[in-house]
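The following paragraphs offer a guided reading of one protein model, to be followed with the sequence and the coordinates at hand. The account begins with the chain as a whole and then turns to individual elements and residues.

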Amino acid sequence: MNTKSTLQRRGIGFAAAAAVVALGLAACAPAEPAEPKESAAAGVSIEEIGLIEVDESAAALLPERYQGGLQIASTIPHPPFIDFIEPGVTDKFVGVDYDLLSAIGARMGTTITYNAMPFDGLIPGLQAGNFDVITGLADLKSRQETVTFVDYSKTGAAIMVRAGETSIKLLDDLCGKNVAAVKGTTLQQILVDFSATSCGSSPMNIIEYPDEAASLQSLISGASDALLTAKVNALMLAKELSDKLAAVEDPNARNGYKANPNGIGVLNENADLAEAIRAAMQTLIDDGTYMKIYEKWGLGSIGVESAVINGAIN
C-alpha cells in the first residue's frame with residue numbers, strides 16, 4: 001500500500017482539496033464491517049511502522065467481553081484520519097486513526113473492525129450497542145455526559161500563507177494584514193478577539209468568506225495575506241499544494257491555537273474499556289510507536305505526550 005495521501009492517489013486537484021477541508025463533513029452510508037487486520041495473537045503489522053505485539057499489562061485490563069474483538073465506528077471518508085483505501089472499496093481503510101486503533105487493539109490482544117457511519121449517528125449508534133468504540137470527534141464536556149473519551153490527538157487553528165512567505169510566523173504578525181476567515185466560525189472569532197486585544201493601532205483586516213474553498217482561493221490569488229484554518233487542514237493542504245501554500249508552525253502553539261483534544265469514545269458505563277485503551281495507547285507513546293504513526297501521516301505536531309481520559313477544555 002502506498003501511504004501517500006488519498007488526495008494524491010486519486011489525482012484530486014485544488015478544488016476538491018478545498019472541498020475535503022470544508023468545515024462540514026458529508027454524511028456517508030454505513031458500509032459493511034471491515035475484516036480485522038490480523039489475529040490478535042499474531043500482533044498487527046502496520047506499513048512503515050512494523051509489527052505491533054501484545055502488551056501483557058494492557059491486555060490484562062481489557063474486559064473479557066471485548067476479547068473477541070472491538071467494533072469501531074467513524075465517519076468515513078475523513079482524510080487524513082481515516083479513508084477507504086480506494087474508491088469502491090468499503091471494507092479496507094487507511095489513515096492515522098486506522099493505524100493507531102489497529103496498534104491499540106494489538107497491544108490489548110484483540111482485533112478491531114471499522115465501520116463507516118454518518119457523523120450524527122456515531123453517539124446514537126454507540127448508545128444503541130451497535131459499536132463498542134467511536135473515533136474522529138472532539139472530546140467536549142457536553143459529550144462527556146454520555147461518552148468517556150481517551151484523548152489521542154489535539155488540534156486547534158493554524159495560519160496558512162502562500163508558499164515562500166517567511167515574514168508571518170506568529171499571530172502577532174497578522175496585525176495590519178489582510179486575513180481570510182470563514183464567516184461565523186470560531187476561527188474567525190479567534191482572529192477578531194486577537195486583533196482587538198493585541199494588535200493596537202494596526203488591527204487585522206479580517207475578510208469574511210462563505211466557505212473554506214473561497215478563503216483558500218483568496219489566499220492563493222493574493223487577495224489576502226493569510227488564512228486561519230484548522231491545523232490538520234493546514235498540514236494536509238500544505239502537503240498537497242506545496243507549490244502554492246505553506247502551514248505556519250508557531251512554536252508557542254504546537255497543537256494549534258485554542259486546541260481541543262480529539263477522543264476515542266466509549267459509553268460511560270464502559271469506563272473499564274476506556275482504561276484499557278488508555279493503557280495500551282500509553283505503551284505506544286512510551287516506546288515511540290505512537291509518534292512514528294503520526295509522523296508517517298505528516299501529523300506529528302498534533303500528537304499528544306500522554307494518554308488522558310476526558311481532557312476536554314470546553
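The labels used throughout rest on DSSP: a helix is a run of H or I of at least four residues, a strand is a run of E of at least two, and both are numbered from the N terminus. The model under discussion is predicted. On this assignment, the protein has 10 helices and 14 strands.

Some totals describe the chain as a whole. Of the 314 residues in the protein, 54% are buried. The accessible surface comes to about 13100 Å², and carbon and sulfur atoms account for 50% of that area. Among contacts between residues at least 6 apart in sequence, 77% join residues at least 24 apart.

The loop between strand E3 (70-74) and strand E4 (83-84) is a suitable place to begin the local description. Pro77 belongs to this loop, and a cis peptide bond with omega of about 10 degrees joins Ile76 to Pro77. Pro80 is also placed between E3 and E4. The peptide bond between Pro79 and Pro80 is cis, with omega of about 5 degrees.

Backbone angles also call for attention at two residues that are not glycines. Glu48, in the loop between strand E1 (44-46) and strand E2 (50-52), has a positive phi near 75 degrees. Its relative accessibility is 53%, so Glu48 counts as exposed, given that the cut-off for this class is over 50%. Asn310 has a positive phi of about 55 degrees and is found in the segment after strand E14 (308-309). Asn310 counts as partly exposed because its relative accessibility is 30%.

The next region is a β-α-β unit. Strand E9 (residues 178-182) pairs with strand E10 (residues 205-209) in the parallel sense, over 5 bridges. Between the two strands the chain passes through helix H6 (residues 186-198), and the resulting crossover is right-handed. One of the bridges links Asn178 to Asn205 in E10. The loop between H6 and E10 contains Ser202, which is partly exposed with a relative accessible area of 36%. Although 27 residues separate Ser202 from Cys175 in sequence, their C-alpha atoms are 5.6 Å apart. Beyond residues up to four places away in sequence, Ser202 touches Cys175 and Gly176.

Helix H7 (residues 212-221) is described by its N-terminal cap, its buried residues and the residue that follows it. At the N-terminal end, Asp211 acts as the cap, with a side-chain oxygen 3.3 Å from the backbone nitrogen of Ala213. Within H7, the buried residues are Glu212, Ser215, Leu216, Ser218 and Leu219. Viewed down the axis of H7, these buried residues fall within an arc of 155 degrees, and they therefore line one face of the helix. An α-helix has 3.6 residues a turn, so residues three or four places apart point the same way. Just after H7, Gly222 adopts a positive phi of about 95 degrees.

What pattern do the buried residues of helix H10 (residues 289-296) form? The buried positions are Thr289, Tyr290, Ile293, Tyr294 and Lys296. They cover an arc of only 160 degrees around the axis, which places them on the same side of H10. These buried residues pack against E1, E2, helix H4 (96-108), strand E8 (147-162) and helix H9 (271-286). Gly298, just after H10, has a positive phi of about 70 degrees.

The last site to consider is Asn260, in strand E13 (residues 257-267). Is this residue buried or exposed? The relative accessible area of Asn260 is 8%, so the residue is buried, the threshold for that class being under 20%. A polar atom of the Asn260 side chain lies 3.3 Å from the backbone nitrogen of Ile313. Apart from neighbours within four places in sequence, Asn260 is in contact with Ala138, Asp139 and Leu140, with Ser153, Lys154 and Thr155, and with Ala312, Ile313 and Asn314.

Key:
Residues are numbered from 1 along each chain as its sequence is written. This is a predicted model: local features need pLDDT of at least 70, side-chain atom pairs count only at pLDDT 80 or more; totals for chains, interfaces and linings use all residues. Side-chain values use heavy atoms; hydrogens and water are left out. Buried means under 20% relative accessible area, exposed over 50%, partly exposed in between (1.4 Å probe, protein chains only). A polar contact is a pair of N or O atoms within 3.5 Å; within protein, one must be able to donate a hydrogen and the other to accept it, and residues adjacent in sequence count only if both atoms are side-chain atoms. Contact means heavy atoms within 4.5 Å. The arc is that of the directions from the helix axis to the C-beta atoms. Two strands pair if DSSP finds at least two bridges between them. A crossover is right-handed if, with the strands pointing away from the viewer, the path from the first strand over the helix to the second runs clockwise. Accessible areas come from the Shrake-Rupley method with a 1.4 Å probe; for residues, only the protein chains shown count as cover.
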